[in-house]
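Reader: I have to go through this structure for class. Can we take it a piece at a time?

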Amino acid sequence: MAQQHRKNISNKGLTGASALTVRQSIFPIILVTTLFFLWGFAYGLLDVLNAKFQTSLNITAAKAGGLQGAYFGAYLVGPPTYSGWLVRRFGYRWTFITGLCIYGVGALMFWPSAVYRSFGGFCGSLFIVGSGLSTLETSANPFIATCGPPRLSEFRLELSQSFQAIGSVMAPLLASRVFFTNADPNGLSKVQWTYLGIAAFVFCLAVVFFFSPIPEVTDADMALQAEQCSNLTGYQDKPLHKQYKLFFGVAAQFCYVGAQVGVASQFIKYAVESANISEAAASDRYAIGQGLFALGRFAAAGAMMFMKPRYILMLFMTMIMIFIAAAMGVYGNAGIAMLSLVLFFESAIFPTIFTLSIRGLGRHTKRGSSWIVASVCGGALFPALTGLVADTKSYHVAMCVPLVGFLVAFAFPIFLNTYYAKELDGFRETKIGYTDADGTIGDVAHDERRLSAIGEKNAYLTEVEV
């Protein structure tokens, strides 16, 4: 227990966690998956808060967009600086706990912001919330990707991220039917109590993480795992500045997340313009689109059990390009359907880009992961650009901004399937984390027992020959 709760870890030391079996990884994965739900829930409340503040504080839609800038702007600051340092210096457990505490403090800050009806205070509170969530993501994404057999890495992250999508769907539904029901349209008391409840839950969850057994996968473990797979992947240890797949993945993720948030932020206005329906009806269509997004995550996770993730990424990005282009030119309910299908195929992109980008990083896994999480800050740029085009042209024309972002992201699976097919497929074929007669494959003790058995067999054959 003392070893589990030590305050710092040696990132150069082996823990054996790179060869965890499916059974050993189930509990920590379930626990960390609750963090993805929290992330989705917080993101799902953004649009509700946006509309609420426009009414209560009498501010413009452009100014209310500052909420998204504050939330996603935190991702530019945290992961490349303190969050990335935390996960490398103190390990996953303490990064989880720190992220939850920062998130809780940000949620508590909503109370004085509501008392003083300060929009700047709300933006600051959301920046702190975003800082906490970016810290959680800096540790949660690589933890899920590396906790268990490496051949199931994409499947694990896709499945865990599915619960993030569920949180994004549940948040606005609960907000409209439970949190803010029968509330004074100009009052903010329900916002105060909602975030006070969130803060209490988050702090309790931090206590749970303190007492839970969380395996620590160090960079040394990942380097060993990469070496053990080298006969299948052709892995060679390289300095960080030569990890070209990682750099392309960061750029692709930046543009993809920006495009995704750009579509989501303008979906309701697009639906109103396209089918000439009310905003309430358009909100219902958006809820359907979010449901399709969640469904797509589960569908992609299932497909990854028998289909190579690089193919799934290529297929889903191709479909996005087709339907976002169609959404620009089609009006009526058909246009809304095209944009809803964009949401469905967006589902698999973030987790798949993440896991494929960190494949084969070895000792650079944690640092590389923090850079990919930092690229989520693209969500602070694209919505503003999309809204600017919508103000001067139309919401249909404005979809050209996400289209450009998706186009950059689309180049990434082409790049992977052209230059990194062998490496990525090799990790899918490895049996590390599975068991045989000598124990768990990939475990150092397994290799020692196997070499001992071979030595004994050779000695016996030598005696027989003599």
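Reader: Which residues is Leu35 in contact with, leaving aside its neighbours within four places in sequence?
Author: Leu35 is in contact with Phe96, Leu100, Leu136, Ala140, Leu205 and Phe209. This is a predicted model, by the way.

Reader: Which residues touch the most other members in the largest nonpolar core?
Author: Leu35, Phe96, Phe209 and Phe406 do, in a core of 118 residues. Two of these names, Phe96 and Phe209, also appear among the contacts of Leu35.

Reader: Ok, helix 4. Which of its residues are buried?
Author: Helix 4 covers residues 79-89, and its buried residues are Pro79, Ser83, Gly84, Leu86, Val87 and Arg88.

Reader: And what do the buried residues of helix 4 pack against?
Author: They pack against helix 3 (66-77), helix 5 (91-108), helix 7 (119-146) and helix 17.

Reader: What follows helix 4?
Author: Gly91, which has a positive phi, near 90°.

Reader: Which ring does Arg89 lie over?
Author: Arg89 lies over the face of Phe90, at 5.4 Å from the ring centre. There is also Lys366, whose charged end sits over the ring of Tyr92, 4.7 Å from the centre of that ring.

Reader: New topic. How many salt bridges does the structure hold?
Author: The structure holds 7 salt bridges. One of them joins the side chains of Arg363 and Asp237, at 3.0 Å from N to O.

Reader: Where do Arg363 and Asp237 lie?
Author: Arg363 is in the loop between helix 16 (349-358) and helix 17 (365-374), and Asp237 is in the loop between helix 11 (230-233) and helix 12 (244-275), so the salt bridge ties together parts that are 126 residues apart in sequence.

Reader: Is Arg363 buried or exposed?
Author: Neither: Arg363 is partly exposed, with a relative accessible area of 39%. Asp237 is partly exposed too, at 42%.

Reader: What about Glu423, which side chain does it meet in a salt bridge?
Author: Glu423 meets Lys245, at 3.8 Å from N to O. The pair links distant parts of the chain, with Glu423 in helix 21 (residues 421-429) and Lys245 in helix 12, 178 residues apart.

Reader: Are Glu423 and Lys245 buried or exposed?
Author: Glu423 is buried, and Lys245 is buried as well.

Reader: Which side chain does Asp425 meet in a salt bridge?
Author: Asp425 pairs with Arg310, at 2.7 Å from N to O. Asp425 is in helix 21 and Arg310 in helix 14 (residues 309-329), distant parts of the chain that are 115 residues apart.

Reader: Why does Asp425 count as buried?
Author: Asp425 has a relative accessible area of 11%, and buried means under 20%. Arg310 is buried as well, at 6%.

Reader: Which residues are linked with Asp425 in a network of salt bridges?
Author: Lys308 and Arg310 are linked with Asp425 in that network.

Reader: How many disulfides?
Author: The count comes to 0 disulfides.

Reader: Is Cys377 buried or exposed?
Author: Cys377 is buried, with a relative accessible area of 12%. Cys101 counts as partly exposed, at 30%.

Reader: Back to rings. How many aromatic pairs are there?
Author: The count comes to 26 aromatic pairs. Among them is the pair of Phe163 and Phe298, which is edge-to-face, at 5.9 Å centre to centre with 80° between the planes.

Reader: Where do Phe163 and Phe298 lie in the chain?
Author: Phe163 is in helix 8 (residues 153-179) and Phe298 in helix 13 (residues 279-303), so the pair ties together parts that are 135 residues apart in sequence. Phe163 is partly exposed, with a relative accessible area of 33%, and Phe298 is also partly exposed, at 33%.

Reader: Why is the pair of Phe415 and Tyr420 tilted?
Author: The planes of Phe415 and Tyr420 are at 50°, so the pair is tilted, and the ring centres are 5.4 Å apart. An angle over 60 would count as edge-to-face and one under 30 degrees as stacked. Phe415 is buried, with a relative accessible area of 17%, and Tyr420 is buried at 15%.

Reader: Which cluster are Phe415 and Tyr420 in?
Author: Ring pairs link them with Phe248, Phe412 and Tyr419 into a cluster.

Notes: Residues are numbered from 1 along each chain as its sequence is written. This is a predicted model: local features need pLDDT of at least 70, side-chain atom pairs count only at pLDDT 80 or more; totals for chains, interfaces and linings use all residues. Side-chain values use heavy atoms; hydrogens and water are left out. A salt bridge is a side-chain nitrogen of Lys or Arg within 4 Å of a carboxyl oxygen of Asp or Glu. Helices (H or I, at least four residues) and strands (E, at least two) are DSSP runs, numbered from the N terminus. Buried means under 20% relative accessible area, exposed over 50%, partly exposed in between (1.4 Å probe, protein chains only). A disulfide is a pair of cysteine sulfur atoms within 2.5 Å. A nonpolar core is a set of buried Ala, Val, Leu, Ile, Met, Phe, Trp, Tyr and Cys residues joined through side-chain atoms within 4.5 Å. Contact means heavy atoms within 4.5 Å. Rings of Phe, Tyr and Trp (its six-membered ring) pair if their centres lie within 6.5 Å; planes under 30 degrees apart count as stacked, over 60 as edge-to-face and the rest as tilted. A charge sits over a ring if NZ of Lys or CZ of Arg is within 6 Å of the ring centre and within 35 degrees of the ring normal.
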